[in-house]
Every structure is written in C-alpha cells, then in structure tokens.
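Please describe the structure shown below, beginning with a single residue and widening from there to the sheet, the cores and the chain as a whole.

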Amino acid sequence: MALGAEVTLTIAPTGRLAGTVAVKGGAAPQEFSATLSDAKTGYQRTDRFFRTGGAWSFAELPAGDYKLSVSAPEGTQDTEVSLGSGEERAGVRVELAAKVKLRGTVVDLEGAPVVGAAVRVNQGAGFVVDDRDVPRTDAQGRFEVEGAPVGLVTLLVAAPRGAAVEYSQTVLTTTITGGPEVELPPIRVAKQRLKPGDPSGDLGYAIKLGAPAADPTQRKFEVALVRPGSPAAAAGLQAGDVIVSVDGEDVTGERRYLYEQLTRVAVGTTLRLGLARGATVELTTAAPP
C-alpha cells in the first residue's frame, strides 16, 4: 500500500441472539450463566442472568457458528447456533440436562492407586482454588463428585499433600454423558520427572499452537519448527511431524495432558517420541540455550 493512499474500511453489521433456558419440566432457573464461543474465530462472550424468567440475550454479535453453553445449579447444556451478518435471531430454547454423580479412580502410570489427590470438575474457564469440601481419592484411588455438570468438562487432579512421591498436577478435558451416575475410565497421572528448582532440559523443537477455542481433545502436538543443531535435529525430528506418544505413553485425545508431564525432564534425559508417520525418534535433552 502506497503512503498516502486512501483506505476504505467496511464494518460488518452486528446481530443479536436471544432465547430462554428451562430445566426439565419447563421451570426456569433463578440464576444461570451463558457463554457463546466461536471455535473458528476465537470470539467468546459470557454473561450471567438472575431472575429473568429464563430469558437471555447477546447483542452486537459478529456473524459466526457459535456454541452456546449454559450452566445453572439445576444443570448444564451445550447447543450449536449460527448467526448471519446483521441477523436478529430470537426463540433459541435451551433445556438443561441434570447434573450427575461422577465417580472414578486416579492411578499412576504403573496402575497403582494415587491416594489423597483432590479432584475438581468445572465447565468453562478457571477453577476456585479452595480445598474445603473438595473430594479426595481414598486408599484405592477412588473419588466421587456430587453435582458434576454434563457435556464437555475440565477435570483438575491436584497432587496429594505431603506424599512421599511427587505427582504432576493434571488438567484434562473429557465429555460426560448419561446419568444420574457416571463412571469415568481410570485417570492416569505421571510422577514428576523434574525436581523442584531444577532447569528443564532443552528439546530443541516448538509445538504449533491450536485455535483459541478449539476442542482441546482434538488438538495435535504438531512440530512447528526444529532448531538447527538441537537435540531434536540430531534425532531426525522434522517440522510437520505429529507426536502421538512419549516413552510409549499415548498423548492423543483425552490423554494429551500426559505430554507436558512426560516431557518436563532434567538435562541429559533421553526421551522416545512416537510419531504419526510410524517412526520413533530418541532425543537426549540438552542444557537450556
């Protein structure tokens, strides 16, 4: 563009979405929150509604394909809704799915129970860091969470306090369906491979970032770049490679949380990275550059 040239900016008209929320049977929740998110653009809006008779609305919205996530003490629900440029769309009804009793087991990578781990379940962003009344795993690694939301949720498994073995904090995404009681597959957590205060070994590659609002379980560990002369370059890792396992542990889908736990290692540690192209490369971490 030449200096001094005229530029014409066209501002697209915004739209509006509105509707109602109800619990099973037709009653309206007294209080609820609603979040609109567009995975393609990363656009997101959240608002809380109190004593509106279940009515909600979002104004000044750009066109997009949105996921509407509603959460109330009585239940939760996700629904898809599209909005055209400048469109005013009303009458979007959301019926909440009742919350459930969630059960599961926390084990280490050898299958031994992890005792005393705190388990939190959340929908949306953030966790309240408060240990009061937080379920903890028993001697068999079992836990039970009352009033867990259904749909796409995030689980935070915090390491036991004062344990002889240090475990990594685990944050994983999963989808809860059914009810009124749901049993999760065993949650496997890794022991910490790096002592507190020690520098993390350099791997020599960077992972491509995913879209801001994309489903975390669908994101891949695709190598964006390999630094020349690094451990990754010496091992034959290439830009575009997709890492699917670390030291034989699957790090895809709902188990992608294990990737960071297994790759935070001390200088001089050798890692085996399984790749989607069928190859396995071994690299030994170096001192940070």
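## Report on the predicted model

Glu249 counts as buried, because its relative accessibility is 16% and buried means under 20% relative accessible area, with exposed meaning over 50% and partly exposed lying in between (1.4 Å probe, protein chains only). The model is a predicted one, in which local features need pLDDT of at least 70 and side-chain atom pairs count only at pLDDT 80 or more, while totals for chains, interfaces and linings use all residues. Residues are numbered from 1 along each chain as its sequence is written, and side-chain values use heavy atoms, with hydrogens and water left out.

Glu249 lies in strand 19, where strands (E, at least two residues) and helices (H or I, at least four) are DSSP runs numbered from the N terminus. The side chain of Glu249 is joined to that of Arg188 by a polar contact of 2.8 Å; such a contact is a pair of N or O atoms within 3.5 Å, and within protein one atom must be able to donate a hydrogen and the other to accept it, with residues adjacent in sequence counting only if both atoms are side-chain atoms. When neighbours within four places in sequence are left aside, the residues in contact with Glu249 (heavy atoms within 4.5 Å) are Leu109, Arg188, Val244, Arg255, Leu258 and Leu262.

Two residues that are not glycines have a positive phi, and the table sets out Glu60 and Asp247.

| Residue | Phi | Place | Relative accessible area |
|---|---|---|---|
| Glu60 | about 55° | strand 4 (residues 55–61) | 62%, exposed |
| Asp247 | about 50° | loop between strand 18 (242–246) and strand 19 (249–250) | 22%, partly exposed |

Which residues does Gly15 touch, not counting residues up to four places away in sequence? They are Phe58, Ala59, Glu60, Leu61, Leu83, Gly86 and Glu87. Gly15 is in strand 1 (residues 15–22), and with a relative accessible area of 3% it is buried. The C-alpha atoms of Gly15 and Glu60 are separated by 5.4 Å, although the two residues are 45 residues apart along the chain.

Strands 3-2-5-6-8, in that order, form an open sheet of 5 strands with antiparallel pairing, two strands being paired if DSSP finds at least two bridges between them. Its edge strands, each of which pairs on one side only, are strand 3 (44–50) and strand 8 (97–98). Between strand 2 (residues 31–37) and strand 3 there are 7 bridges in the antiparallel sense, and Thr35 has Thr46 in strand 3 as its bridge partner.

The largest nonpolar core has 42 residues, and those with the most contacts inside it are Leu102, Val106, Ile187, Tyr205, Ile243 and Leu273; a nonpolar core is a set of buried Ala, Val, Leu, Ile, Met, Phe, Trp, Tyr and Cys residues joined through side-chain atoms within 4.5 Å. Beyond residues up to four places away in sequence, Tyr205 touches several residues, among them Val223, Leu225, Ile243, Tyr259 and Leu273. A second, separate core of 19 residues includes Trp56, Val70, Val81 and Val94.

The chain as a whole has 2 helices and 21 strands, and its C-alpha trace spans about 70 × 60 × 35 Å along the principal axes. Of the 289 residues in the chain, 39% are buried. Among contacts in the chain with a separation of 6 or more, 59% are between residues 24 or more positions apart.
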